[in-house]
Amino acid sequence: GLLHRFVQNFEGWLGVANQQRKLAPRNRYLIEIHGRGGQTFVRSGGDSGWGLEDATATARYQVARGSETTPAVVASVLLKFPTGRQSSLYSSGGYDVGAGLSVAQRIGRFNLYGSVVAIHYATTELVGVALYPNQVSLFTGVEYRKSPRTSWLLQALATSPGAAHFRDFSN
C-alpha cells in the first residue's frame with residue numbers, strides 16, 4: 001500500500017530485506033490461514049472490495065460524573081449481530097456479547113484514561129482456526145494538555161490471545 005516503498009527501504013537499510021515481499025506485486029495483500037485438518041483459507045487482492053461487517057449495538061451508562069477528586073466512570077454493554085460474510089473475514093458468524101468499564105480522571109494538565117472490555121464469542125471457529133470463547137482488552141492512556149488546542153497523548157492497548165497456537169492469532 002501507501003507505505004510499501006518505505007517499508008522496503010527500511011528493511012534494506014537494516015539489512016533484513018523480506019524476499020517474499022519482493023516476489024509479490026505492490027499494493028496487494030495476501031491472507032493465508034492454515035486451520036485444523038489441513039484446511040487452508042486464502043484471500044488476496046482479487047478478493048478485495050466493499051463489504052458489510054458485523055453490526056454492533058452498544059449501550060453506555062455514566063455511573064459517575066467525576067470531579068476534581070473522583071474519576072468519571074462509564075459502563076457499557078454491547079451486542080454484535082452477524083451481518084457480514086464469515087467467508088470474507090467480515091464476520092465472526094455469531095451473536096457476540098460484551099461488557100466494559102471505562103474511567104477518566106483529570107489531574108492538573110493531565111488526563112488519565114483506562115478501560116477494560118470483556119467479550120464472549122458465540123462461535124469458536126473461524127475459517128478452520130479454533131478460537132477462544134472469551135477475550136479481554138485493557139486500554140490505558142495519559143494525555144498532557146500543552147495548550148487549549150494541543151495535547152500530547154501516550155496510549156497502550158493489551159488484548160488476550162484470540163486463538164491457541166496459531167502464530168499472530170495467539171500469544
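**Close-up views of a predicted model**

**Figure 1. A salt bridge between D96 and K80.** The side chains of D96 and K80 meet in a salt bridge, with an N to O distance of 2.6 Å. D96 sits in strand β5 (residues 96-107) and K80 in strand β4, so the contact ties together parts that are 16 residues apart in sequence. D96 is buried, because its relative accessible area is 0%. The model is predicted.

**Figure 2. The second partner of K80 is D54.** K80 and D54 also meet through their side chains in a salt bridge, here at 2.7 Å from N to O. This pair links distant parts of the chain. K80 belongs to strand β4 (residues 72-81), whereas D54 lies in the loop between β2 (40-44) and β3 (55-64). The two residues are 26 residues apart. Are these partners buried or exposed? K80 has a relative accessible area of 16% and is therefore buried. D54, at 14% relative accessibility, counts as buried too. The cut-off for buried is under 20% relative accessible area.

**Figure 3. The network of D54, K80 and D96.** The structure holds two salt bridges. Salt bridges that share partners join the three residues D54, K80 and D96 into one network. One link is K80 to D54, at 2.7 Å. Another is D96 to K80, at 2.6 Å. Strand β4 supplies K80, and strand β5 supplies D96. D54 comes from the loop between β2 and β3.

**Figure 4. The loop around A122.** A122 lies in the loop between β6 (110-120) and β7 (125-126). A122 counts as partly exposed, because its relative accessibility is 46%. K80, by contrast, is buried at 16%. The C-alpha atoms of A122 and K80 are separated by 9.9 Å. Along the chain, A122 and K80 are 42 residues apart.

**Figure 5. The second largest pocket.** This pocket has a volume of about 270 Å³. It is lined by 10 residues. Which of them are closest to the centre of the pocket? They are Y121, L126, L131, Q135 and G162. The lining of the second largest pocket divides into six nonpolar residues, four polar ones and no charged ones.

**Figure 6. A nonpolar surface patch.** L3, F6, F10, W13, L14 and V16 make a nonpolar surface patch of about 710 Å². L3 lies in the segment before α1 (4-14). L3 counts as exposed, because its relative accessibility is 55%. The cut-off for exposed is over 50%.

**Figure 7. V7 in helix α1.** V7 has its place in helix α1. At 26% relative accessibility, V7 counts as partly exposed. The C-alpha atoms of V7 and N18 are separated by 9.7 Å. V7 and N18 are 11 residues apart along the chain.

**Figure 8. Overall context for the close-ups.** The protein has 171 residues, and buried residues make up 19% of them. D96 is one of the buried residues, at 0% relative accessible area. The secondary structure comes to two helices and 10 strands. From the N terminus on, the elements run α-α-β-β-β-β-β-β-β-β-β-β.

Terms used:
Residues numbered from 1 in each chain as written. Predicted model: local features only at pLDDT ≥ 70, side-chain atom pairs only at ≥ 80, totals over all residues. Heavy atoms only, no water. 1 Å grid on protein atoms, 1.4 Å probe; cavity = no way out; pocket = protein on both sides within 12 Å on 5 of 7 lines; lining within 4 Å. Points joined across faces, edges and corners; volume = space filled by probe spheres on them. Nonpolar A, V, L, I, M, F, W, Y, C, P; charged D, E, K, R; others polar. Patch = residues over 30% accessible without salt bridge, like charges linked within 9 Å, V, L, I, M, F, W, Y side chains within 5 Å. Areas by Shrake-Rupley, 256 points an atom, 1.4 Å probe, with all protein chains shown as cover. Salt bridge = Lys/Arg side-chain N within 4 Å of Asp/Glu carboxyl O. Helix = DSSP H or I, 4+ residues; strand = E, 2+ residues; numbered from the N terminus. Buried < 20%, exposed > 50% of the residue type's maximum accessible area, 1.4 Å probe, protein only.
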